[in-house]
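Open the structure in your viewer and keep the selection tool at hand. The tour goes from the whole assembly to a single pair of residues.

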Number of protein chains: 2
Amino acid sequence: MKVALAQLNFQVGNIKKNSQRIIQTIEKYNNKVDLLLFPELAISSYPPEDLLFHQQFIDDCYQAIKTIADYCEKTAVIVGFPRFHANEPDKIYNSAALLQSGQIKIIYDKQKLPNYLVFDEMRYFTPGNHDGTANLDIHGKNIKIGLSICEDIWNEAEPVVNQAKMDVDLLVNISASPYAIGKIQKRINMLQNHASSFKTPLFYCNLVGGQDELIFDGTSVAINAEGQLIGQCISFEEQILIVDLVTQPSSPITFLEPVAELYQSLVMCTRDYFIKNGFKKAVLGLSGGIDSALTATIACDAIGPENVTGLLMPSKYSSNHSIEDAKALANNLGIPYQLLPIESIHLAFEKDLIPIFDDYHQNQTDENLQARIRGVLNMAFANNQNAILLCTGNKSETAVGYTTLYGDMAGGFAVIKDLFKMQVYALCQYRNTIDHVIPENTLSKPPSAELKPGQKDSDSLPDYVILDEILEAYLHHHKDPNQITQLGHDINLVKKIIQLVDRNEYKRQQAPPGPRVTQMAFGKDRRMPITNGYQH
Amino acid sequence: MKVALAQLNFQVGNIKKNSQRIIQTIEKYNNKVDLLLFPELAISSYPPEDLLFHQQFIDDCYQAIKTIADYCEKTAVIVGFPRFHANEPDKIYNSAALLQSGQIKIIYDKQKLPNYLVFDEMRYFTPGNHDGTANLDIHGKNIKIGLSICEDIWNEAEPVVNQAKMDVDLLVNISASPYAIGKIQKRINMLQNHASSFKTPLFYCNLVGGQDELIFDGTSVAINAEGQLIGQCISFEEQILIVDLVTQPSSPITFLEPVAELYQSLVMCTRDYFIKNGFKKAVLGLSGGIDSALTATIACDAIGPENVTGLLMPSKYSSNHSIEDAKALANNLGIPYQLLPIESIHLAFEKDLIPIFDDYHQNQTDENLQARIRGVLNMAFANNQNAILLCTGNKSETAVGYTTLYGDMAGGFAVIKDLFKMQVYALCQYRNTIDHVIPENTLSKPPSAELKPGQKDSDSLPDYVILDEILEAYLHHHKDPNQITQLGHDINLVKKIIQLVDRNEYKRQQAPPGPRVTQMAFGKDRRMPITNGYQH
């Protein structure tokens, strides 16, 4: 028995294009494989979010499934789509159609609806109540399959456990399971455990591609009844993999190194944001620092250096090496850059503002002003050149609010927003092992915003090793001050950091989207009140 | 039997302060009433959002309930709080404790968890499975009450229907039911219908106050077994109302006029955003137009004119009347203002930008630049004076993206973001009936952004009456182009407007929060993908 896993990169909402790609794939594999799998909600792509509240949208998805069925011959095809139940037109299901010989043979509705982290499926869907089993005639032999959708196979996996009890010959799961650091291995281990404990082969077809903040890694797999991998799609790329059930397990399949996997996830997500939104060009401010260096490098790998422009916008507080390091980076990457000193604009603002405020230079007004002048110049370039401004902020500084709203926080896409500062260093070092694009001085000099004379990040923040550890404990694991102190940190420092995180929620809620690489990114994962009187 | 409805304005997360207010209230009414009700989740206030994932937070709420119980004597007290179930420590419940004689007598867990519009309760809570009935000894007589929490009493209201079948003597519902236009009457009608159909008196205690985007109107009520109102708290203010069950229905209780109700909702929400976040002062740009005029007026009513500063930032495209109208408004309101012409700063930018771009004036770069210079000046003032910048954008322009990101969209709070343009006019006219603060010329002149010579909104948009109708059909009712055309609109116009709405999702996702007055505000109500290929 031959099964094809069609790990394709669909576009949310683009029913027409997604259907065309499905039809092309069916036409190519019709009668050449026995079973052809597409991911969860392939027709609408995932997550369609509130598009699901448009009746016409769901009707269009159903029409698409009927059209696709017309192209199906002997090969059984499984395609995910959202639908209204025929008898319950006010309820929406997250469904999979089994198509064969021009017909919709059965429809299975997802039973387990995730409603945590980024997932809001209970907002949209009603859980299904069919068992997901179906009989296929494969070369004259009856094969009973157990069909499930994504969450159905996670945690207690009741729908799949029930299918196993009904003696299915084959488990099939179609998914849109987003990437996070460490999740690929965890997911495949989970799937192998299911296959071996149920002594049933398992085919798992996952979505690939970037969708706003979400990264779908693909990494679809075929697993035999002993729990061994007999096929694995590449991560972060489209692939149609044909697996014969009698295939022997190959030598252990190698995974990407963690740092390479993380890097590729960012490149794919950034590329898809541009392509799927119809943009070609990017612009970003190059400060000579590590954050903008990594952002520029990822952008070049995503959309090509010819499409990335760097703006060098020194102020009177900028060090000489800032400009030199930024130029070296631009030259190494082969990207065009523009030098736009902000001094004359800064003076024009000061001239008008100083008479109004007695204490103009006594607080952060002037520091923020410089960052905002750069934001305005960046946006002028983006508007004029039809480019997306890339925001260069990392998770550590965004967490504590060491960023200027409408200044360095401005942008259409924030490539490294879910990376702590130490991960930024690690990715730069990794990328330099491929070719040495990020200048050594950028990596070795102490981080600074250069918004006042001699300023260093370490003036007001602990070492990033310590900061990142405190932030991870607080943000990712919801630890409280006393628990974090037990990791070896000073209680006053911990309280200060937590207070900064809490107080800066208002800034993050105005931040641009960017690739989510953890299960606790700033975005849909973390829904905190701005107005928040909790004292830890 | 005497019941007190404690309609109080709690602060999300501030367990200590909320508990103190509850204890003060208990001490005041102990033994003076038979039953004292506080709103849903009074201890944490509503919605605590992801604070609920901090174990210490839930533990603190439980400790608070135990402390509060110590203050309870003969009066039975019902207080909402989140809790872990003793036997299921990984599950969280939205609960109500019945406290009496120093003890937690029973705990009821909310059964119906809303997970639509702004609500994410299935993200946090497990539905309860107790029936919510309890017996109270009132002057030696056994009174059986049916206790429910908010959503339990809406829609099919199964928990309350079941209580009615169990012959309760009294229905009690504690709520955190947010305001929307038209909802107060609808809610009270629903409650009256329940009381009369079950022939059981009903006491309903609702939260009051603003929390980020949400407005809790209060409007708590007492209804007799005939479905007649025998007590009603004021909307948008704190009130502790004592109702004796034998009270005769008074003359029909009068509701606020719809436009007055809407106005008051905005004032309360704005005031609470300032107070609860520890801010006193506001700043905003005054353009002489109607949006900034209404925003300034609401701000004055919320925090006092002495705390509101207007910035007048004319450009070379500004008409004379803009400055005159803005000054007249400031004088009418009695607020300070600063005149900050942007011409010299604009020239400084142009000087640096024109050499870079061949076609600098051929697109919207220069228009956006002017808006962003004003954004930077506004933010400089806000930073320097520790003020919150008020964003003056309305729902009509935000919907179609006729706003500049980091320009007029900049701000900490967007007072009129959920008002269509025609509602802005209506509220101005209403406010002028109280005292004539908004200049006649501001109301009568054609709307213009004044970012290029002779520009008018009507150059590129239909009349606001038409635009608002199309937007309401599309945004609020999820109508598709053909359905909207049936309202009498041109199909090409409808398609153009829908395309503008869809394309500008990226801007709205970076917009500041502001009062939600409809059930489809830009914010948690509407969760649309930015990357969206759907063709209507």
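Copies are superposed by least squares on the C-alpha atoms of residues with pLDDT of at least 70 in both. This is a predicted model, where local features need pLDDT of at least 70, side-chain atom pairs count only at pLDDT 80 or more, and totals for chains, interfaces and linings use all residues. Residues are numbered from 1 along each chain as its sequence is written, while chains are lettered from A and ligands numbered from 1 in the order in which they are written.

Select both chains. A rotation of 180° with 0.0 Å of shift along its axis lays chain B on chain A, at RMSD 0.0 Å. That is the relation of a two-fold axis. Now pick B:Gln510: its C-alpha is the nearest to the axis in chain B, at 2.1 Å.

Next, the interface. Residues are in contact if their C-beta atoms, placed from the backbone, lie within 7 Å. Here 66 residues of chain B are in contact with 67 residues of chain A. Color α10(B): with 10 residues, α10(B) gives the most to the side of chain B that touches chain A. (Helices are DSSP runs of H or I, at least four residues; strands are runs of E, at least two; both are numbered from the N terminus.)

Move to the sheet in chain B. Five strands form an open sheet in the order β17-β16-β15-β18-β19, with parallel pairing. Strands pair if DSSP finds at least two bridges between them. At the edges lie β17 (337-339) and β19 (413-414) of chain B, each pairing on one side only.

Last stop: select B:Leu390. Opposite stands B:Phe413 in β19(B).

Key
Two residues are in contact if their C-beta atoms, placed from the backbone, lie within 7 Å.
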